[in-house]
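Visitor: Can you walk me through this one? I'd like to start with a side-chain contact.

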Amino acid sequence: MIIDVHTHILPRDIPRWKDKFGYGGFISLDHYKPCCARILRDDGVAFRDVDPKAPTHVLVIPMKHVASLSASTDEDALLLGKIQRAAAQVAASLGLSSFRVVTNNGRGAGQTVDHLHYHLLGGRPMQWPPG
């Protein structure tokens, strides 16, 4: 599913990503340094979080706008599966054998961007329960 692991998102690409996502909250116009990204065919994109909560913290985001997991429909089932498989592939490409994949649903759960996305966390022992 990952077709280009050496792609960079540059400031000139931001309008294109805003158009694709329908929401530009993931990429700040103030960030002028390229950020490493993994392009997931037409399904989504994965890139490192600018405010990491673990040594490895990658956001995996579908291109199709879905506001949250609870806003997804049966039509989104294949896409949701592809995005989760992509998270596992990104983890493997980063050498992670243990990792956590999390999505926040709603403000009370910590969702701050109204576009479904998954957090891939790794590189340290994870505690349970989280949060």
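**Contacts and core**

Guide: The side chains of histidine 117 and histidine 119 make a polar contact at 3.4 Å (a pair of N or O atoms within 3.5 Å; within protein, one must be able to donate a hydrogen and the other to accept it, and residues adjacent in sequence count only if both atoms are side-chain atoms). This is a predicted model: local features need pLDDT of at least 70, side-chain atom pairs count only at pLDDT 80 or more, and totals for chains, interfaces and linings use all residues. Residues are numbered from 1 along each chain as its sequence is written, and side-chain values use heavy atoms, with hydrogens and water left out.

Visitor: Is histidine 117 buried or exposed?

Guide: Histidine 117 counts as buried because its relative accessibility is 8% (buried is under 20% relative accessible area, exposed over 50%, partly exposed in between; 1.4 Å probe, protein chains only).

Visitor: Switching topic. How many salt bridges are there?

Guide: The whole structure has 3 salt bridges (a side-chain nitrogen of Lys or Arg within 4 Å of a carboxyl oxygen of Asp or Glu). One of them pairs aspartate 76 with lysine 64, with the closest N and O atoms 2.4 Å apart.

Visitor: Where do aspartate 76 and lysine 64 lie?

Guide: Both lie in the loop between strand 4 and helix 2, so the pair ties together parts 12 residues apart in sequence (helices, H or I, at least four residues, and strands, E, at least two, are DSSP runs numbered from the N terminus). Aspartate 76 is buried at 4%, whereas lysine 64 is partly exposed at 41%.
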